[in-house]
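Visitor: I should be grateful for a close look at a single part of this model, followed by an account of the other elements that can be described. Please give the cut-offs behind each term.

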Amino acid sequence: MALKTRRRSNAPVAPNYTEADVRALSNANGEPQWLLESRLAAWELYEDMPMPNLTEEEWRRTDYRHIRWNEVSRLPNGTTPTIDRVPSQMLQPLVEGEQGGMIVFVDGKLVRSQFSERLAAQGVIFADLHTAARQHEALIRANLMAKAVKPTDGKFAALHAALWTHGVFVYVPRGKVIEEPLHVVMYQSEDGMTTMGHMLVVLEEASQATVLVDYQGKAGESQFSYVGVTELLVGDAANLKYVGLQDWSRQTFEFSHQRASVGRDGQLDWVIGTMGGEFIKAFVEVDLDGQGAHGRV
């Protein structure tokens, strides 16, 4: 008896989203009109782009066709989980001493936001991205997916720009030196869903900061996906220490774009720890945009 074999298609099925999901997400978060328009413009780009496949140079060693988009396309709903789902060790400082602030998300929802009043009085901003979009419109519009990662960078960059679910904005004004680290936790307690976290860090000229981001997920029965973006904008003569530690569950698929831009005489020390997940596809880039710029990853 002859056995028939079938080859896998090189055209993976796409995530199950529509423009209505974009509008619903923006409305649920009370976003300003300009941000909705930005999301919709990114959605148009997303729809026009094909899903990446094995014939493309950047994806020819990246076969992600075993992800089950029908299982993981669920976005966070209107309920907010509690912080007690987060393992206690994740809420401890990652280094000795005090922290300048902590922001914690569970399943794409903000569950804790603490920030030093002393740093806030100096003009430093450490806020969840939805709040920052309302309270610091000029800064967000000028920098969000405009100078580092852009929606045109790829299918998943465009998807993120249209449907990012949560994020953090860090801003340090010119000449301010922040000694205490700022700590962000993104924890996934439910499987069978997708979250899209965004980190936007802007250091003005001759400023300094340390940012620690901790990604972790609880083991589950079905798949989970994370579509993330990290943007690090380091101004002239500024100094950023940035640490991203990831320990997703073994059912997790991650697609992320991470890019830094370092100005003249700027300094970036970027530590990436990737320890979990079933599948990780991360584009990590550093642009040295001035004489004396230094980036170490």
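Guide: The description below begins with one strand and then turns to a helix, a sheet and a single side chain. The model is predicted, so local features require pLDDT of at least 70 and side-chain atom pairs count only at pLDDT 80 or more, whereas totals for chains, interfaces and linings use all residues. Residues are numbered from 1 along each chain as its sequence is written, and side-chain values use heavy atoms, with hydrogens and water left out.

The part chosen is strand β4, residues 166-172. Helices (H or I, at least four residues) and strands (E, at least two) are DSSP runs, numbered from the N terminus. Seven of the seven residues of β4 are buried, a term that denotes under 20% relative accessible area, with exposed over 50% and partly exposed in between (1.4 Å probe, protein chains only). His166, Val168, Val170 and Val172 point one way from β4, while Gly167, Phe169 and Tyr171 point the other way.

Strand β4 pairs with other strands, pairing being assigned if DSSP finds at least two bridges between two strands. Strand β3 (residues 125-128) runs antiparallel to β4 and is joined to it by four bridges; among the partners, Ala127 is matched with Phe169 of β4. Strand β7 (residues 197-203) runs parallel to β4, with seven bridges between them, and His166 stands opposite Gly197 in β7.

The helix to be considered is α2 (residues 33-48), whose 16 residues reach 23 Å from first C-alpha to last, close to the 22 Å expected at 1.5 Å a residue; the expected span is 1.5 Å times one less than the number of residues. Its buried residues, including Trp34, Arg39 and Tyr46, pack against α1 (19-28), α5 (129-135), α6 (137-143) and α7 (155-163), where contact means heavy atoms within 4.5 Å.

An open sheet of seven strands has the order β2-β1-β5-β8-β10-β12-β14, with mixed pairing. Strands β2 (109-115) and β14 (294-296) stand at its edges with a single partner strand each, so one side of each is left without a neighbour in the sheet. Six bridges join β2 to the antiparallel strand β1 (residues 101-106), and Phe105 stands opposite Leu110 in β2.

Strand β5 (residues 182-188) contains His183, which is buried with a relative accessible area of 0%. The His183 side chain makes a polar contact with the side chain of Gln99 at 2.9 Å. Such a contact is a pair of N or O atoms within 3.5 Å; within protein, one must be able to donate a hydrogen and the other to accept it, and residues adjacent in sequence count only if both atoms are side-chain atoms.
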